[in-house]
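Hello,

Here is the structure I promised to pass on to you. Please have a look at it first, and then read on for my notes.

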Amino acid sequence: MKILPLLQQSFPTATGYDNLTTVVQANAEGHLVKVHYAENWDVVDPLRPCPSTAFVKTVDAAQYSEEKKSWADLRRTLMYCRTEVRFYTEILPELISSSSSSLFANATPKIFLAECDLDGLLLEQGATDPSGEGPVDTDWKSNGNADQKGGFLVMEGISSDDYFQNSPISVDQAKQTLAAIAGLHAAAWQDVKLLTKAEQRLSRGSYHLKTRNPKELEGMSEAWTHFVNAFQHLDTTGIFQKCGADFGLRIQNLAEYVCRHTSPSPTDQYATISHGDFKSMNCFLPKTEASHERGVVMVDFASVGVGFGMQDVGMHIHHAVQPVDLANGGEMRLVEHYLAVLNDHLNLRGLDYYPQEVAMRHYRLAVVDYFRFFLGRFWKSATPASFAKKASSKNTALINRDVEAAFAFLDRVHDYVVKVEAERASSGVCAASGTS
């Protein structure tokens with residue numbers, strides 16, 4: 001997609017731009033640009049915003065093909081695009097205009113333009129459960145259905161003079177980011193009308209079972225065997241022996257049970273809007289007095305949908321906080337900090353609090369679910385060499401580039417798996433099928 005026409009739709013007096021930074025990811029392309037304007041821009045339309053910089057995010061469906069991605073992976077890419085546009089245009093305005101707007105009003109970038117056209121590529125049916133969706137036309141690539149299809153966002157360019165991104169993050173920084181996401185969760189907390197709309201129009205989290213390629217779950221045992229064989233010579237703590245050779249199969253057998261218990265409906269108690277991909281690199285942390293007043297700015301709402309707040313917390317803590325900071329009760333102190341901030345917000349809104357016992361159950365389920373995603377998506381091919389290659393990649397989860405973090409994560413996951421298995425057994429659910 002050409003950037004200048006998008007800028008001119010957003011800012012009619014724009015005449016050009018300088019590309020400052022380009023970010024190319026598997027599911028989108030982003031450009032931070034300096035915008036040039038006509039000399040008389042302030043006279044032509046003095047009420048229109050004319051920011052000095054903007055961030056342009058694009059998804060061009062024609063760039064993708066089934067030769068590059070399986071349909072399941074390609075569909076997920078297109079759904080990310082659709083979901084993010086819908087969040088910014090349909091859900092966020094309601095959040096900001098609600099009585100709880102003070103919790104979330106400045107926590108996202110300003111959006112100047114957001115559009116998406118995927119007609120002929122995605123069915124509307126099953127917006128939050130894409131397992132039944134398929135292409136409208138199985139020959140969509142060759143017949144031109146993808147031409148001119150895709151989506152784009154033109155948003156505020158977050159200044160590096162005022163904000164920074166980092167991974168790993170310190171405990172104090174993690175407390176800031178967790179407090180920010182608690183604001184989102186509190187703003188949408190048990191809002192049945194808003195959550196019903198979100199369920200119909202958005203998606204589920206990036207690691208939610210129903211948004212993943214089914215082959216990931218099918219390959220759990222093989223993925224675990226590969227990871228053990230690749231890393232067992234580095235295991236000085238006995239974590240692989242503790243987990244056992246069948247750990248992948250145990251995760252596979254838990255998957256449907258965990259999914260069912262982390263997929264609330266809009267009317268369920270404790271339901272809210274979950275970011276869905278809450279890693280630290282999706283947070284801009286303030287570094288000046290003015291930016292501290294605004295607080296953390298969160299981006300990349302491509303996986304947002306109805307969920308439990310602990311799904312964001314479970315991912316965030318293990319994606320970017322160092323194992324030394326999670327040891328000796330550090331993990332629980334971060335969880336409790338989030339819970340305290342959230343419950344303060346809920347109390348101010350006159351809403352029922354999130355009981356610690358319920359919250360911790362949701363947290364355990366979320367961490368097990370995140371591990372299932374991680375094992376099936378990343379650790380199935382991980383090696384010490386791949387960890388070393390990604391060691392300085394801030395956008396890569398710490399548990400996929402730091403052996404100590406990965407082993408510490410495994411140790412916590414094992415303990416949570418044991419508890420979830422006991423919970424499932426007491427409920428009379430069949431271990432093999434995940435059903436009663």
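Below is what I found, beginning with how far to trust the coordinates and then going through the sheets, the helices and two backbone details.

**Confidence**

Please keep in mind that this is a predicted model. The chain has a mean pLDDT of 89, with 88% of its residues at 70 or more. The stretch to be careful with is residues 126-140, where pLDDT stays under 50. The model does have 49 contacts beyond four places in sequence for residues 126-140, but where pLDDT is low, the predicted coordinates should not be read in detail.

**The five-stranded sheet**

A good place to start is the open sheet of five strands, whose order is S1-S2-S3-S5-S4 and whose pairing is antiparallel. At its edges are S1 (14-24) and S4 (111-117), each of which pairs on one side only. On average, neighbouring strands in this sheet are turned by 20° against each other, direction ignored.

Helix H1 (residues 3-10) packs on this sheet and touches S1, S2, S3 (53-60), S4 and S5 (150-156). The direction of H1 makes about 120° with that of S1.

If you would like to trace the pairing strand by strand, begin with S1 and S2 (residues 29-37). They form a hairpin, with four residues between them, and their antiparallel pairing runs over nine bridges. Within this pair, Gly16 stands opposite His36 in S2. On the next step across the sheet, S2 and S3 run antiparallel and are joined by six bridges. Glu29 has Thr58 in S3 as its bridge partner. As a general reminder, strands of a sheet pair through backbone hydrogen bonds, either parallel or antiparallel.

**The three-stranded sheet**

There is also an open sheet of three strands, in the order S6-S8-S9 and again with antiparallel pairing. Here the edge strands are S6 and S9, each pairing on one side only. S6 and S8 (residues 283-286) are paired in the antiparallel sense over two bridges, and Phe164 has Leu285 in S8 as its bridge partner. Helix H4 lies across S6, S8 and S9, and runs at about 120° to S8.

**Two helix pairs**

H4 also leads to a helix contact. H4 (residues 171-187) packs with H11 (residues 309-320) at an angle of about 165°, and their axes are 10 Å apart. Angles over 145 degrees count as roughly antiparallel, so that is how H4 and H11 are described relative to each other. H4 passes H11 in a right-handed crossing. On the H4 side, the contact is made by Thr177, Leu178, Ile181 and His185, while H11 brings Gly309, Asp312, Val313, His316 and Ile317. Sorted by class, the residues of this contact are four nonpolar, four polar and one charged.

Further along the chain, H13 (residues 330-348) packs with H14 (residues 356-379) at about 125°, with 11 Å between their axes. That angle makes H13 oblique to H14. The crossing of H13 and H14 is right-handed. H13 makes the contact with Glu331, Met332, Val335, Glu336 and Leu339, and H14 with Gln356, Ala359, Met360 and Tyr363. In the contact of H13 with H14, six residues are nonpolar, one is polar and two are charged.

**Two backbone details**

What should you look for in the loops? Most residues other than glycine have a negative phi, and most peptide bonds are trans. With that in mind, here are two spots to visit.

- The peptide bond from Ser167 to Pro168 is cis, and its omega is near 0°. Pro168 is in the loop between S6 (163-164) and H4.
- Asp300 has a phi near 60°, which is a positive value in a residue other than glycine. You will find Asp300 in the loop between S9 (297-298) and S10 (305-307).

If you want a short route through the model, I suggest going from the S1 and S2 hairpin to H4 where it lies across S6, S8 and S9, and then on to the crossing of H13 and H14.

Enjoy exploring, and do write back with any questions.

Best wishes

How values were computed:
Residues numbered from 1 in each chain as written. Predicted model: local features only at pLDDT ≥ 70, side-chain atom pairs only at ≥ 80, totals over all residues. Heavy atoms only, no water. pLDDT = per-residue confidence, 0-100. Contact = heavy atoms within 4.5 Å. Axes fitted to C-alpha atoms, helices over the stretch in contact; angles between N-to-C directions. Parallel < 35°, antiparallel > 145°, perpendicular 65-115°, else oblique. Left-handed = near helix turned anticlockwise from the far one by under 90°. Nonpolar A, V, L, I, M, F, W, Y, C, P; charged D, E, K, R; others polar. Pairing = 2+ DSSP bridges.
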